[in-house]
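Me: I'd like to go through the labels on this model one at a time and see what backs each of them. Can we start with the sheets and then move on to the helices?

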Amino acid sequence: MPDYLPHTDDELVQMLAFLGLSSLDELFAAVPEVLRLGRGLALADGSPEPDVLARMESLGEANRARSDRLVCFAGGGAYDHEVPPVVRALAGRSEFVTSYTPYQPEVAQGCLQAVFEFQTMVARLAGLPVSNASLYDGANALVEAVNLGVAASGRQNVWVSAGIQPHWRAVLRTFAAGTGHVVIDVPLENGVTRWPEGTGDEVPGVLVIGYPNYLGCLEDIGEARRICDATGALLVVAADPVAAGLLRSPGECGADVVVGEGQPLGTALSFGGPYLGLFAVAQQHVRRLPGRLVGETVDIEGTRAYVTTLRAREQDIRREKATSNVCTNQTLMAVYAAVQLGWLGTSGLREVAQRCARGTRFCREALLSLAGVEPLTGATPTLREFAVRTPIPGRLAIERLADEGYLGGLSLADLVGDDGDGSVSGDDAVHGLLIAVTERRTRAEVEGFVRTLDKVVR
């Protein structure tokens, strides 16, 4: 174990001297001899940090009669990705944490610089030139994008793909009740959006599409872009930031606005929050951008400095005439995302996306070989998650899987309602299971999950 100790020999000497002790044995003298291991831990030299942590956790669980950990195959908007300890260590440093609002730049330079770097990285992932300092979550980002699109196009009709996360669409409908937006759900066919042949009297001002959508399927952004070009609508793409490691950016595909949920970028599942909304726009819409925007400038001595900029858009100055009434952002989560992206780099993000895609394909093929398990979206390509039809209701399958140690996905009935909502039919929703595979899932875990699902659906 000495290679993994966080202290040097000199630090140990100083610590023991401060405590007035002569050795580590004396430090741990309070621990009964019978409880001490008495030897080193069997760890291979040069083991990756996640493997060491997993081994430590497995040893710790031996102290409990039953493990309280479930191997996670759930997704639907929140994903069990690896968060290296370095992310928490750096994001929690005092340089990035301040009790002052960033409207006071003289005491918030570290925080402002971190958010500026976050904006730069999000803009690159989105393929658009400008990103804001984050919003509350993905659903909030979608609402703000639709508000921007309606204001820019001058039309209230909003065509929303049924492939957008159902909870996001529910939030959008709630906001639309007050703003007067007309939200028109566009159904899926074989897992991808089936846009209307014509517009009739419902010429859209905004089109919203997922990339990939919440069933994990890859949508044709080009088709949505062609509709926008023909009607003058704005294209809003709800994009998965991890998918950017493999797919062309939404901006390259013609998106005017890109939104997303930033939870996969360094934020743990945390029982649903706090998360952060990602938001990027084309240059011509920058003055309609909601929320905070951090910019780079120089101080009176010519030194690089950071400030919130284009403040005249914001509600604390313009009040009812502001672009948006969003008055803050998820700074801490944004710093986490910036550190995670900086830690991964381009090649690291690509590797994460590749491991997700490979694991998903392996798991999907294995599950579809089971009797009674069928694909819900045909042969449509998927990236990190996929939907299957099971012989028993999805809710029942999940309950039985949990008894076996697996968080076995999400019931589509819980996502879309027992009668469906244009994304899947009622019966498919009841018997549908949405399964996600991240880079954390090992081959052994996937194989164990497949065997267990085979058992519980019989």
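**Labels and what backs them**

Reply: Sure, starting with a sheet: seven strands, or in order E2-E10-E9-E8-E7-E3-E4, make an open sheet of 7 strands with mixed pairing. Keep in mind that this is a predicted model.

Me: What makes E2 and E4 the edge strands?

Reply: Strand E2 (130-131) and strand E4 (182-186) each pair on one side only, and that puts them at the edges.

Me: How do you know that E3 and E7 count as a pair, and in which sense do they run?

Reply: Two strands pair if there are at least two bridges between them. Strand E3 (residues 157-161) and strand E7 (residues 206-211) have 3 bridges, in the parallel sense, so they pass that cut-off. Within the pair, Trp 159 stands opposite Leu 207 in E7. Helix H8 (residues 221-231) lies across E3, E7 and strand E8 (234-239), at about 175° to E7.

Me: What about the other sheet, which strands are at its edges?

Reply: That one is an open sheet of 4 strands, ordered E13-E14-E17-E16, with antiparallel pairing. Strand E13 (374-375) and strand E16 (410-411) are its edge strands, each pairing on one side only. Inside the sheet, strand E14 (residues 385-389) and strand E17 (residues 432-436) share 5 bridges in the antiparallel sense, and Arg 389 stands opposite Gly 432 in E17.

Me: How many bridges join E11 to E12, and what sits between them?

Reply: Strand E11 (residues 294-298) and strand E12 (residues 304-308) run antiparallel and are joined by 5 bridges. Thr 297 stands opposite Ala 305 in E12. The hairpin has 5 residues between the strands, and Gly 302 takes a positive phi near 80° there.

Me: On to helices. Why is H10 called roughly parallel to H14?

Reply: The axes of helix H10 (residues 331-368) and H14 come within 10 Å and cross at roughly 25°. Angles under 35 degrees count as roughly parallel, so H10 gets that label relative to H14. The crossing is right-handed. On the H10 side the contact uses Phe 362, Cys 363, Ala 366 and Leu 367, while H14 brings Arg 443, Val 446, Glu 447, Phe 449, Val 450 and Leu 453. By class, those residues divide into 8 nonpolar, no polar and 2 charged.

Me: And why is H11 called oblique to H14?

Reply: Helix H11 (residues 394-403) and helix H14 (residues 443-456) have axes that come within 10 Å and cross at roughly 125°. An angle over 145 would count as roughly antiparallel, and 65 to 115 as roughly perpendicular. The crossing fits neither range, so H11 is oblique to H14. This crossing is right-handed. Ala 397, Arg 400 and Leu 401 in H11 meet Phe 449, Thr 452, Leu 453 and Val 456 in H14, a contact with 5 nonpolar, 1 polar and 1 charged residues.

Me: Last one: what makes the pair of Phe 73 and Tyr 406 tilted?

Reply: A search of the whole structure finds 4 aromatic pairs. In one of them, Phe 73 and Tyr 406 are 6.4 Å centre to centre, with 50° between the planes. Ring centres must lie within 6.5 Å, and planes under 30 degrees apart would be stacked, over 60 edge-to-face. The pair meets the distance cut-off and its angle fits neither of those classes, so it is tilted. It also links distant parts of the chain, 333 residues apart: Phe 73 is in the loop between strand E1 (71-72) and helix H4 (85-91), and Tyr 406 is in strand E15 (residues 406-407).

How values were computed
Residues numbered from 1 in each chain as written. Predicted model: local features only at pLDDT ≥ 70, side-chain atom pairs only at ≥ 80, totals over all residues. Heavy atoms only, no water. Axes fitted to C-alpha atoms, helices over the stretch in contact; angles between N-to-C directions. Helix = DSSP H or I, 4+ residues; strand = E, 2+ residues; numbered from the N terminus. Left-handed = near helix turned anticlockwise from the far one by under 90°. Contact = heavy atoms within 4.5 Å. Nonpolar A, V, L, I, M, F, W, Y, C, P; charged D, E, K, R; others polar. Phe/Tyr/Trp six-rings, centres within 6.5 Å; stacked < 30°, edge-to-face > 60°.
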